[in-house]
Every structure is written in structure tokens, then in C-alpha cells.
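Colleague: I am new to this structure and would like a close look at a single part of it. Could you take me to the place where the domains meet, and then show me around from there?

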Amino acid sequence: MISAAAAAALPVRLATAQEKAARATRGMPPPIIKDVQVIATAPAGYRLSVVKIVTGQDGLYGYGCATFTQRAGLVNLAVEKYLRPFLLGKPADRIDDLWQAMYNSSYWRNGPVLNNAISGVDQALWDVKGRQAGMPVYQLAGGKHREAVDCYSHASGRDIPELIDSAKKIMAAGFRHVRVQIGVSGMAGYGAARSQAKLEALHEGAIFEPAYYMRAAIKMLETCRKELGEEVELIHDVHERVSPNQAVQLAKAVEPFRLFFLEDVLSPEDIAYFRLIRQQCATPLAMGELFNSPHEWTPLIGERLIDYMRMHVSQMGGFTPARKVAAMGEIFGVKTAWHGPSDVSPVGHAANVALDLVCQNFGIQEYSPFNDAAREVFQGCPVMKNGYLYANDQPGWGIEVNEKAAAKYPYGAGESRERKDLNGGWGEIRRRDGTIIKQ
Ligand code: MG
């Protein structure tokens with residue numbers, strides 16, 4: 001106990017405007033959803049969809065990521081035409097209840113378009129609740145497990161020397177984890193430009209031959225471990241481009257190079273093969289970027305067949321389901337490594353960072369830098385320092401969207417001719433004989 005005189009002498013900390021607003025709302029009826037809007041913008045060339053929930057309480061609103069860049073127009077329509085009328089007039093404070101209601105209201109569920117639409121609303125409701133409470137979402141969700149979020153960044157090259165150079169630059173910038181990808185002779189390698197060599201084919205389009213790639217990837221990883229040293233953590237993304245048997249071979253062949261993880265070595269259609277890989281080697285496995293449904297992640301986590309869950313948080317339906325699956329992973333010893341590419345909006349990245357901070361079983365976070373235009377539209381993006389992302393401490397996600405600036409970057413801005421013609425969709429990749437393969 002301190003005396004009244006001593007207490008009076010203590011410096012007085014004045015309540016912030018946010019804290020005053022939060023106090024004023026306690027005991028009040030819940031805010032009602034008054035409008036549901038979509039902000040469609042492409043400040044970094046990727047079509048981003050951000051949902052804005054406006055409540056009946058003066059100045060109380062929130063933002064959520066609904067970005068499915070390859071089919072953005074459909075997500076925006078799902079929000080405006082179906083979720084908006086479903087949500088108007090409902091209380092904004094029952095997040096999980098509204099999630100369940102939206103999820104079941106289409107009867108058929110777990111598809112990427114509807115999951116992203118739900119995610120936009122879900123994350124916006126968390127933002128509303130954070131702003132109402134005057135707290136960052138990571139505080140609402142229990143508080144930090146760690147000071148900042150350890151990240152990996154992307155190194156690439158048309159050949160091994162160019163890749164090693166790129167990886168060294170990333171390590172010099174402070175990253176302890178590097179994803180390494182190389183171009184494959186004459187082919188459309190994932191995550192790196194192709195080398196100059198020409199490969200004979202029966203068509204003019206992008207070519208990919210899985211066996212060539214596999215042999216090049218093994219050699220590349222061996223060289224990276226030798227040249228980059230023992231301390232760096234190496235990650236490689238197969239992007240589901242090999243057959244199940246090749247996936248087993250590849251996971252076994254790279255075991256001596258002690259990867260941090262091997263990513264998407266199988267496609268979602270082939271996940272039963274994880275059992276074979278698990279039985280034959282101890283290469284750490286990351287999977288889930290393409291998952292949309294609990295039917296996909298539940299068996300892999302429940303049978304302890306992977307080491308890192310890689311889901312794209314908006315594709316699984318938002319912050320609410322991601323927390324639940326992360327908790328399942330904690331019980332089964334599977335860590336998080338949420339998908340963090342450039343086609344997640346900064347609001348989505350902030351949601352990833354909040355999950356990273358509050359989940360005990362955090363593994364790593366994929367990092368994609370925000371360009372100046374993205375920071376102009378999304379003010380308060382998480383900050384990168386020495387390979388760590390730092391959360392914004394403002395209430396909610398801590399991000400304000402400058403809607404005037406967002407309008408300066410319409411869909412199609414900065415896109416290639418082909419992608420613009422496809423409304424942001426992807427083209428195709430074929431083997432030399434013309435057979436389609438997975439992207
Ligand atoms: Mg990937």
C-alpha cells in the first residue's frame with residue numbers, strides 16, 4: 001500500500017481517446033451491422049479484396065481480408081450479393097456465431113470463393129471488436145507468446161550461382177530462414193525465372209517436366225547447404241508439381257541437407273501419400289496452402305503426417321477457424337506457417353501476425369514486402385526488422401485503409417496482358433507433349 005499523499009504525487013497517465021471510447025461503450029447495446037462493403041484495389045499489381053463492416057455506432061468499423069486474387073470478382077460478388085443482405089441488422093459482437101451462420105447459409109460449403117467472402121467479414125468483425133475494446137486483436141486473443149514474428153524470405157535465381165547470391169543478400173538483411181528456388185533449364189520453374197536454354201516441345205506455351213525439375217532441385221539444395229553454411233534454415237517449395245512417387249523420392253533424397261521444411265511436395269488430391277513419405281524419411285513437411293476444407297487438414301494433423309500447417313487464412317474462412325486449427329495443431333505437435341504471399345492484403349498479413357503472436361505452436365511466417373503504394377493504401381502495415389515482423393499496437397488489426405488512395409489502383413493495374421485478359425486468373429503449364437500439369 002502507498003499513502004494517499006504518495007499516490008497523489010505519482011504522474012497521472014491520461015486515458016487515450018480509444019480507451020475513453022471503449023469505456024463509453026461498456027454496458028451499451030451491441031453495435032449493429034449497418035453496411036458491408038468491398039474495397040477492390042491492386043496497389044502492388046495483385047487484385048486484393050478487403051471487406052469493410054460499418055456499424056451503427058458512430059465511427060466504429062472494421063476491415064477483413066477476402067483476397068482470392070485469381071477469382072477476385074466472384075468473391076466481391078458473393079460479399080455484396082449474398083453476405084451483405086444476410087448480415088445487415090445483425091449484432092456485430094457475436095463473431096463465432098456469425099461465422100457459423102454464414103458458413104451454413106449456403107448449404108454447400110468449403111469452397112474458395114465463399115470461404116474468402118466469409119473471411120472478409122470474420123476478420124472485419126475482429127477488427128471492430130478490437131477497436132471497440134481499444135485493444136489490438138492479439139490482446140483480445142490472449143496476448144503475446146513472443147516479442148516479434150520470425151520470418152522467411154524468398155531467394156531465387158535462374159541458376160545456382162545466381163540463387164546463392166540472392167540467398168546471401170537475404171541473410172545479410174538479417175533473415176535466418178530463406179526459401180530457395182531456381183529456374184530449370186528451358187522450363188517454367190516455380191518461384192524463379194527460367195534459364196535461357198530452349199527445350200523442344202510440341203507446343204509454344206510454358207513447359208514443365210517434373211523429373212528434370214526434381215534432379216535440379218536435389219542438386220540445388222545440396223549446393224545451398226554447402227555454400228550457405230550450417231546455420232541458415234533452408235526452405236523449398238515444390239508447388240505440387242511432381243507425381244506422388246517422385247514426391248517420396250524427393251523427400252528422401254533431400255533428407256541429408258536438413259531443411260527447415262519441404263513445402264507442398266504433394267497436391268491436395270494426393271495427400272494420402274504423406275503416410276508413405278513419413279514412413280521413409282524425417283524431412284520436415286509443410287502442407288496446406290491450397291486447402292479449403294477441414295476434410296483436408298484434419299487427417300494430416302490428427303495422424304501427425306506433417307510438421308507445419310501452411311493454410312492461407314482467408315481461404316480457410318478467416319481468423320476464427322485458423323485459431324481453432326492452430327489449437328488442434330498444438331495438441332498434435334504440428335506448428336503454424338501461414339501462407340504469406342503478395343496476394344494477401346496487408347489486413348490479411350496483420351491477421352497472420354496476430355495468429356503468429358498468440359499461438360504457442362508458431363513455426364515460421366512467410367514474408368512478402370509491402371511496396372510504397374500498398375503502404376499508402378494500407379496505413380499501419382506490420383514492420384519488418386532483421387527478419388522479424390512487428391505487430392502494430394493500435395486497436396484491431398491496427399490498419400486504416402485510405403479508400404481514396406485505394407481507388408487510384410484499380411484491378412488490372414500493373415498486370416501482364418495475359419493476366420488482365422483473364423481478369424487476374426492464371427494461365428496454364430504443360431509438359432513437353434502438351435499434358436496439363438498442376439501450377
Ligand atoms: Mg507455396
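Modeller: Happy to! The C-alpha centres of domain 1 and domain 2 lie 28 Å apart. Please keep in mind as we go that this is a predicted model. The domain assignment places domain 1 at residues 17–135 and domain 2 at residues 140–396. To the contact between them, domain 1 brings 36 residues and domain 2 brings 32 residues. Together they bury about 2500 Å² between them, and carbon and sulfur atoms give 62% of that area. On the side of domain 1, three residues are worth finding on your screen: Pro43, Gln123 and Trp126 supply 21% of the area that this domain buries against domain 2, more than any other three residues.

How many salt bridges are there between domain 1 and domain 2? The count is one. For comparison of scope, the structure as a whole holds 23 salt bridges. One salt bridge to look at joins the side chains of Asp96 and Lys324, with N and O 3.0 Å from each other.

Let us stay with Trp126 for a moment, and turn to aromatic rings. A pair of aromatic rings is described by the distance of the centres and the angle of the planes. There are eleven aromatic pairs in the count for this model. In one of them, the ring of Trp126 meets the ring of Phe319: the centres are 5.1 Å apart and the planes stand at 65 degrees, so this pair is edge-to-face. That label follows because an angle over 60 degrees counts as edge-to-face. Trp126 belongs to helix H5 (residues 112–133) and Phe319 to helix H12 (residues 319–332), so the pair links distant parts of the chain, 193 residues apart. Are these two rings buried or exposed? Trp126 is buried, with a relative accessible area of 11%, and Phe319 is buried as well, at 0%.

Another aromatic pair is made by Phe260 and Phe261, and this one is tilted, with 5.7 Å from centre to centre and 45 degrees between the planes. Phe260 is buried at 12% relative accessible area, while Phe261 is buried at 0%. These two rings also have company: Tyr152, Phe260, Phe261 and Tyr308 form one aromatic cluster.

Rings can have charged partners here too. The charged end of Lys52 sits over the ring of Tyr61, 5.0 Å from the ring centre. Lys90 lies over the face of Phe86, at 4.1 Å from the centre of that ring.

Now back to charges that meet charges. Side chains of opposite charge can pair when their charged atoms come close. Arg432 and Glu209 do this through a salt bridge of 3.7 Å, N to O. Arg432 lies in the segment after strand S17 (429–430), and Glu209 lies in the loop between strand S6 (206–207) and helix H8 (210–228), so this salt bridge ties together parts that are 223 residues apart in sequence. The partners have their own settings: Arg432 is partly exposed, with a relative accessible area of 31%, whereas Glu209 is buried at 7% relative accessibility.

Arg278 and Asp307 also meet in a salt bridge, here at 2.8 Å from N to O. Arg278 sits in helix H10 (residues 274–280) and Asp307 in the loop between helix H11 (294–302) and strand S10 (308–309), so the parts being tied together are 29 residues apart in sequence. Arg278 counts as partly exposed, at 25% relative accessibility, and Asp307 counts as partly exposed at 21%.

Glu428 and Arg430 form a further salt bridge, and their closest N and O atoms are 3.1 Å apart. Glu428 is partly exposed at 47% relative accessible area, and Arg430 is partly exposed at 26%. Elsewhere, salt bridges link up into a network that takes in Glu263, Glu289, Arg310 and Glu366.

One last stop is Asn292, in the loop between strand S9 (285–287) and H11. Asn292 is buried, with a relative accessible area of 13%. Which residues does Asn292 contact, leaving aside its neighbours within four places in sequence? They are Asn110, Gly111, Pro112, Asn115, Trp297, Gln315 and Met316.

Terms used:
Residues numbered from 1 in each chain as written. Predicted model: local features only at pLDDT ≥ 70, side-chain atom pairs only at ≥ 80, totals over all residues. Heavy atoms only, no water. Phe/Tyr/Trp six-rings, centres within 6.5 Å; stacked < 30°, edge-to-face > 60°. Helix = DSSP H or I, 4+ residues; strand = E, 2+ residues; numbered from the N terminus. Buried < 20%, exposed > 50% of the residue type's maximum accessible area, 1.4 Å probe, protein only. Lys NZ or Arg CZ within 6 Å of the ring centre and 35° of its normal. Domains from an automatic or database assignment. Contact = heavy atoms within 4.5 Å. Buried area = accessible area lost by both parts, 1.4 Å probe. Salt bridge = Lys/Arg side-chain N within 4 Å of Asp/Glu carboxyl O.
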